[in-house]
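Welcome, and thanks for taking a look at this one with us. Here is a short briefing to keep beside the viewer as you explore.

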Amino acid sequence: MARSPYSGKPQRAFWRGGVAGVGALELVDLYRPRFPLTPETRVFTAGSCFAQHVGAAMTRAGLSVIDAEPALRGMPPETARRFGYGTYSARTGNIYTVRQFRQLVEEMLGLFTPALPAWEKDGRYWDALRPGVEPEGLTSPAQVAEMRAQHLVALGRALEGADLLVFTLGLTEGWEHRETGTVYPTAPGTIAGDHDADIFVFRNYGVAEILEDFTALEEMLAELNPGLRWLLTVSPVPLAATASGDHVLTATMRSKAVLRVVCDMACDSSDRIDYFPSYELVMSPAHAGGAFGPDLRSVRPEVVEGVMALFLASHGLAPAPEGVAEDVGDMSDDALCEEALLDAFRP
Amino acid sequence: MTRAVAVVGTSNIGAVKYAEAEIAAEHPDLSVTFYGLPGGKFAEAGVDAAGLFQPAEGDAGARKLAERVNGTAALDLTRFDAVLAIGDTLGMPQTLFMAAQYDVADWPTRRDRPLISTPAFLSAMEEAIAGRADHLARQFRGIAPVFAALAPYPTIAVTRRGPHRQEPYASVADHPELPRLHALYRDALARALAARGMTFVPQPAETMAGPFLTKPAYAMGAMDFRTEGKVLNDHRHMNAAFGASLFRAFALALGATSAGADPTAQIKE
């Protein structure tokens with residue numbers, strides 16, 4: 001038999017037997033962690049709405065997920081969820097773009113002051129940088145600033161104390177303040193505020209920009225917390241809407257491809273950065289019934305559960321006991337995602 | 001015309017039960033029946049398909065206790081024109097814990113606690129109340145109109161250290177916004193109960209030492225609802241004077257006539 005560079009490659013190198021013929025979430029040797037994750041590892045979670053599942057699964061599995069702004073005694077679960085308590089390691093709300101995360105850390109370190117930080121609607125004021133955590137808004141811009149200042153202190157404490165930062169990259173599209181470059185997680189006018197093309201500009205970040213943002217972010221946090229390591233994932237959740245002018249399917253694929261490339265480049269740049277292929281696991285054609293729910297955006301709860309079980313197993317950790325894991329169903333459907341609100345603007 | 005009312009609840013029905021004679025004199029148009037169970041057993045009790053209020057199915061111990069204390073294991077609520085349900089704290093401990101641990105952003109005082117927005121605080125309070133109000137509604141299923149009274153506020157003694165310390169109340173003892181909190185809580189509770197077809201009977205002002213607290217005099221000589229003569233003096237259960245006052249508030253809400261009652265009478269501390 002002729003020799004080929006593919007001779008002797010393991011099963012994982014071949015589609016047939018590596019993917020085809022194997023259960024969608026039973027892939028062998030898919031993910032090789034760069035560094036161990038133990039129950040003692042202090043994990044900080046942030047990112048786009050899919051990251052909510054990641055954090056929740058880690059918490060259920062008994063990992064030390066940081067909660068810097070916890071729901072204190074007496075706060076019932078639905079209120080906690082609706083107001084962004086316990087969703088991420090701090091009440092950041094969804095961080096969709098790397099630039100948003102970079103600016104958040106710059107603001108936390110006193111290096112950046114966001115423009116137009118409070119958006120108004122019907123006499124109430126929203127924190128423009130995390131509008132989802134206060135769904136009914138606040139009384140005044142001063143109150144927005146007061147609560148934000150407290151949030152930034154908690155955020156700093158949490159990032160300083162973390163061993164691992166799990167960050168799910170969600171979008172490449174964002175809205176910026178023209179003059180200052182302040183980037184917002186939602187388009188003005190979605191939850192509050194009003195879109196004015198003279199003030200806000202649409203941006204669709206490319207690989208180079210995102211990588212630059214990530215590098216800056218990683219360096220800032222390394223200075224704050226030299227031991228910090230990263231675990232990147234890409235959200236498989238498609239865009240609810242695009243402002244790019246492309247069809248939303250094309251825009252989604254472009255966005256995910258860009259983010260996926262950035263993850264690879266970031267991992268190649270440092271052995272302190274790892275990537276977990278939750279995106280690939282969800283997008284795999286091996287899912288017999290499809291990985292998404294009827295809206296073709298929400299990842300089916302059992303798929304989320306399977307993805308996270310595979311992740312935990314890769315670290316020698318057990319997923320949550322059966323009864324607990326069943327809760328994933330509710331969590332999955334209820335992931336708080338401001339981006340989904342864009343659907344209301346359909347023609 | 002005499003109306004039949006049932007006073008149903010936890011050990012806290014004791015205060016009303018031991019005021020039976022006074023109640024009979026004050027409210028001759030009301031015929032009152034009492035049915036009580038210890039807190040945990042009461043929480044598991046409820047109305048069955050036939051309208052019988054009784055302990056959880058299969059709880060022989062609770063049935064036996066109900067029979068001994070109330071003379072019957074089950075109370076047929078279809079016989080009554082109204083029910084006064086006493087005993088649940090209806091989301092109050094959660095509300096107090098929240099107030100103790102957070103500074104509410106819209107309130108003027110800052111105690112160096114984490115800030116919480118007013119909508120989040122109100123939502124938490126309403127959710128805590130809703131959970132308990134739903135439970136209460138399920139227990140009684142609207143067989144007879146339900147008038148709900150909170151378990152009595154404990155006396156001021158419980159906010160201090162010692163064997164009677166009650167953490168939720170102690171935690172807000174020095175809260176600068178207690179009157180506001182009390183008003184918000186009672187409004188939210190009244191709304192939640194009304195939304196479920198029940199009427200809130202607030203603890204009479206004459207019995208209160210302050211928001212969420214009862215005057216100590218109303219706890220002195222309080223007796224175990226199961227055993228007449230067994231004095232509790234635990235600052236959580238109240239005496240017959242309290243029971244008479246609470247029943248007066250219930251009767252007022254019910255629209256009953258009062259004979260010889262002095263609604264302005266106040267116990268002296």
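A good place to begin is the surface, where A:L249, A:M253 and A:M283 make a nonpolar patch of about 260 Å². Please keep in mind that this is a predicted model. From the patch we move inward to the cavities, then to the salt bridges, and end with some backbone details and residue pairs.

**The nonpolar surface patch**

- One member of the patch, A:L249, belongs to helix α7 of chain A, which covers residues 248–269.
- A:L249 has a relative accessible area of 51%, so this leucine counts as exposed, the cut-off being over 50%.

**Cavities**

- Across the whole structure, a search turns up 9 cavities of 30 Å³ or more.
- The volume of the largest cavity is about 110 Å³.
- Which residues lie nearest the centre of the largest cavity? They are A:Q100, A:L104, A:E107, A:L129 and A:R148, out of 14 residues that line it.
- Two helices of chain A, α4 (98–108) and α5 (141–161), each give at least two residues to the lining of the largest cavity.
- Helix α4(A) provides the largest share of that lining, with 5 residues.
- Sorted by class, the lining of the largest cavity is made up of 7 nonpolar, 4 polar and 3 charged residues.

**A salt bridge between two cavity-lining residues**

- The structure has 29 salt bridges over all chains.
- One of them pairs A:E107 with A:R148, and their closest N and O atoms are 2.6 Å apart.
- This pair ties together distant parts of the chain, since A:E107 sits in helix α4 of chain A and A:R148 in helix α5 of chain A, 41 residues apart.
- Are the two partners buried or exposed? A:E107 is buried, at 13% relative accessibility, and A:R148 is buried too, at 6%.
- Both A:E107 and A:R148 also appear among the residues nearest the centre of the largest cavity, so this is a handy spot to view the salt bridge and the buried state of A:R148 together.

**A salt-bridge network in chain A**

- A:E176 forms a salt bridge with A:R203, with 3.3 Å between the closest N and O atoms.
- Here too, distant parts of the chain are linked: A:E176 lies in strand β6 (residues 173–177) of chain A and A:R203 in strand β8 (residues 200–204) of chain A, 27 residues apart.
- A:E176 counts as buried, with 6% relative accessibility, whereas A:R203 is partly exposed, with a relative accessible area of 22%.
- A:R203 also meets A:E209 in a salt bridge, at 2.2 Å from N to O.
- A:E209 is partly exposed, at 23% relative accessibility.
- How many residues can you trace from here through shared partners? Salt bridges of this kind join A:R99, A:R102, A:E106, A:E176, A:R203, A:E209 and A:D213 into one network.

**Positive phi values outside glycine**

- A:D29 has a phi near 60°, which is positive although the residue is not a glycine.
- You will find A:D29 in the loop that runs between α1 (15–18) and β1 (42–47) of chain A.
- With 33% relative accessibility, A:D29 counts as partly exposed.
- In chain B, the phi of B:F212 is near 65°, again a positive value in a residue other than glycine.
- B:F212 is located in the loop between β11 (208–210) and β12 (213–214) of chain B.
- B:F212 is buried, at 1% relative accessibility, which fits the cut-off of under 20% for that class.

**Pairs compared in sequence and in space**

- A:G93 is part of the loop between α3 (77–82) and α4 of chain A, and counts as buried at 10% relative accessibility.
- Although 39 residues separate A:G93 and A:G132 in sequence, their C-alpha atoms are 5.9 Å apart.
- B:L136 is in helix α6 of chain B, which spans residues 118–140.
- B:L136 is buried, with a relative accessible area of 3%.
- From B:L136 to B:V16 there are 120 residues in sequence, and 20 Å in space from C-alpha to C-alpha.

Terms used
Residues numbered from 1 in each chain as written. Chains lettered and ligands numbered in written order. Predicted model: local features only at pLDDT ≥ 70, side-chain atom pairs only at ≥ 80, totals over all residues. Heavy atoms only, no water. 1 Å grid on protein atoms, 1.4 Å probe; cavity = no way out; pocket = protein on both sides within 12 Å on 5 of 7 lines; lining within 4 Å. Points joined across faces, edges and corners; volume = space filled by probe spheres on them. Helix = DSSP H or I, 4+ residues; strand = E, 2+ residues; numbered from the N terminus. Nonpolar A, V, L, I, M, F, W, Y, C, P; charged D, E, K, R; others polar. Patch = residues over 30% accessible without salt bridge, like charges linked within 9 Å, V, L, I, M, F, W, Y side chains within 5 Å. Areas by Shrake-Rupley, 256 points an atom, 1.4 Å probe, with all protein chains shown as cover. Salt bridge = Lys/Arg side-chain N within 4 Å of Asp/Glu carboxyl O. Buried < 20%, exposed > 50% of the residue type's maximum accessible area, 1.4 Å probe, protein only.
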